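The following exercises concern ligand surroundings, nonpolar packing and backbone geometry. Each task is followed by a solution in steps.

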Amino acid sequence: MGNTRAEIMDMLLCDTASREMLFESARRLRNENVGDGVYLRGLIEYSNVCRKNCLYCGIRAANNGVARYTLAPQQVFEAARFAYENQYGSIVLQGGEQINESHIAIITNLIAEIKLLSNNELGITLSMGEQTRDTYRRWFEAGAHRYLLRIETSSEELYRRIHPNDGVHSYAARLQALSDLRKTGFQVGTGVMVGLPFQTTENLADDILFMKQLDIDMCGMGPYIVSEHTPLADYASLLENEQWRFEMTLRMIAVLRIMMPDINIAATTALQAIDPRGRLKAIECGANVVMPNISPLDVRANYSLYNNKPLSFDSSVLEQLVMYGQWGDSQHFKKR
Ligand code: 5AD
Ligand code: SF4
């Protein structure tokens, strides 16, 4: 079921009664394939320095209004230790895209040190943009084992409209990076933004088919949220309203769960920016991963990808569901 573009579009656009069935199927398939527990990844926002200029992003390089920071190793270790002591199981080290050797070497060391300080117990996911195969290999060998790199949209045409045409924002390079990550041995996560200007329901259905075809292990999808002082904000009048983008993201999560029942799907922060119960609602329609922000408090406001980005998440609302102290690797990856 749900294998053609038309069938996926039917699910994305279904009426309220069918929506309940959609969400229920997604929940059931999640419970049968990956269990009803939720896995935590403590999110460490390592640096908001980025060489790229994605037209939608608040920390794009050309944005002069951003106070740029990079965490000191001690700050990263403190956050990692917090995750370890609180039984988070895994962390995500996320930062803007930087490709210089000193950055690469620092990240390599951080990974190795975090493995040491946690007695090899913390799982490490990276989200550090496009890198060379050699860099992926160094980071993998240092101990990271999952990597997140969103395709943002699977439509090459739309990709071109939301990125500058300057040679460093290429759809082909993105695809190559996803393939390199897989070959390196990483569990690979990707994802898209939902409700972008110019995006159609066909595009969204194709996004699902893209993830299926790429046979991804993990996914993070969130609603597009206008970020002031970015070029894409000029198109805000073209957007569906926030509630629509929120609802469509939930439907995308449910459909993806139905089509790829054993992958890990994140309940993303951007959902929470629209609805205070956003992440919980995502879990109720098939998501099984939450990434609480554990960055040092004083830098959180500077990692502002979009307006109203929440600075914290009260994970006590999840208390009954959380699977403490486990990596929670993608079942899909294990079976490969
Ligand atoms: N709205 C929603 N998500 C955004 N991201 C960046 N800018 C925005 C925005 N304005 C997401 C991108 C990127 C991730 C780190 O943040 O999908 O991959
Ligand atoms: Fe940099 Fe990522 Fe923002 Fe693009 S989306 S500008 S790569 S931080």
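**Exercise 1. Two loop residues**

N120 lies in the loop between α4 and β3 (helices, H or I of at least four residues, and strands, E of at least two, are DSSP runs numbered from the N terminus). The model is predicted: local features need pLDDT of at least 70, side-chain atom pairs count only at pLDDT 80 or more, and totals for chains, interfaces and linings use all residues. Residues are numbered from 1 along each chain as its sequence is written, chains are lettered from A and ligands numbered from 1 in the order in which they are written, and side-chain values use heavy atoms, with hydrogens and water left out.

Task: state the phi of N120 and decide whether N120 is buried or exposed.

Step 1. Phi of N120 is near 65°, a positive value in a residue other than glycine.
Step 2. N120 counts as exposed because its relative accessibility is 51% (buried is under 20%, exposed over 50%, partly exposed in between; 1.4 Å probe, protein chains only).
Step 3. N119 is placed in the loop between α4 (101-117) and β3 (123-127), and has a positive phi of about 60° although it is not a glycine.
Step 4. N119 counts as exposed because its relative accessibility is 53%.

**Exercise 2. The shell of ligand 1**

Task: identify which residues surround ligand 1 and which polar contacts they make.

Step 1. Around ligand 1 are Y56, C57, R150, E152, M193, P223, Y224, I225, L305 and Y306 (a heavy atom within 4 Å).
Step 2. A polar contact is a pair of N or O atoms within 3.5 Å; within protein, one must be able to donate a hydrogen and the other to accept it, and residues adjacent in sequence count only if both atoms are side-chain atoms.
Step 3. A nitrogen atom of ligand 1 lies 3.0 Å from a backbone N or O atom of Y56, and a nitrogen atom of ligand 1 lies 2.7 Å from a backbone N or O atom of I225.
Step 4. An N or O atom in the side chain of R150 is 2.8 Å from an oxygen atom of ligand 1.
Step 5. Of the 400 Å² of accessible area that ligand 1 has on its own, the protein covers 87% (Shrake-Rupley method, 1.4 Å probe).

**Exercise 3. The surroundings of ligand 2**

Task: list the residues that surround ligand 2.

Step 1. The residues are C50, K52, C54, Y56, C57, I59 and R60.
Step 2. Y56 and C57 also belong to the surroundings of ligand 1.
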